[in-house]
Amino acid sequence: MLYHLRNLSDKELLQRAEKHADETLVGILLERYHHLIAAVCLYYCGNEEDAEVLAQQVLRRLNIDIQNHKIPSLNNWIFKVCREEASKKDRKEAALPPQT
C-alpha cells in the first residue's frame, strides 16, 4: 500500500490528505519536500539553528493547512509559508527589548 501511495502525484496526495486526514500521506509529501523546506528556511534565517526552528513551524503549519485550506501547489506554498513564518520571527525579535 505504501509503495502505491509513493507513486501518486503531489496533487493526488494533497487531495487524499485533505479528505482523509491521513498522516501517512502528509509524511510522503514531507519526504519529498523536506530538503526544499530546509533550504528555503536556511535562506531566510541565515543560520542552521534558526532554520531548523523555522522548518518545524512550517511542518506544523502544513499539517494544519492541509486540513483547512486548498494547497494547489506545494512548491509555492512552501516558499510562501517560509517567508511568512520568517517575517513573524523577525517581528517578534524586533519587539523584544534589547538585551543588556
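In the predicted model, the protein chain has a mean pLDDT of 86, with 95% of its residues at 70 or more. Confidence is lowest in helix 1 (residues 2–6), where the mean is 77, and highest in helix 3 (residues 23–45), where the mean is 90. Where pLDDT is low, the predicted coordinates should not be read in detail.

A search of the whole structure returned 0 disulfides. The closest cysteine sulfur to that of C41 belongs to C82, at 3.7 Å. Because a disulfide requires the two sulfur atoms to lie within 2.5 Å, this separation is too far for a bond. The relation holds from the other side as well: for C82, the closest cysteine sulfur is that of C41, at 3.7 Å. C41 is buried, with a relative accessibility of 0%, and C82 is likewise buried, its relative accessible area being 0%.

C82 also takes part in the packing of helix 4 (residues 48–68) and helix 5 (residues 74–95). The axes of these two helices come within 10 Å and cross at roughly 125 degrees, so helix 4 is oblique to helix 5. The crossing of helix 4 past helix 5 is right-handed. On the helix 4 side, the contacts are made by D50, L54, Q57, V58, R61, L62 and D65. The residues that they meet in helix 5 are L74, W77, K80, V81, C82, E84, E85, A86, K88 and K89.

Technical notes: Residues are numbered from 1 along each chain as its sequence is written. This is a predicted model: local features need pLDDT of at least 70, side-chain atom pairs count only at pLDDT 80 or more; totals for chains, interfaces and linings use all residues. Side-chain values use heavy atoms; hydrogens and water are left out. pLDDT is the predictor's confidence in each residue, from 0 to 100. Helices (H or I, at least four residues) and strands (E, at least two) are DSSP runs, numbered from the N terminus. Buried means under 20% relative accessible area, exposed over 50%, partly exposed in between (1.4 Å probe, protein chains only). Axes are lines fitted to C-alpha atoms, for helices over the stretch in contact, and angles run from 0 to 180 degrees between N-to-C directions. Angles under 35 degrees count as roughly parallel, over 145 as roughly antiparallel, 65 to 115 as roughly perpendicular and the rest as oblique. A crossing is left-handed if the near helix is turned anticlockwise from the far one by less than a right angle, and right-handed if clockwise. Contact means heavy atoms within 4.5 Å.
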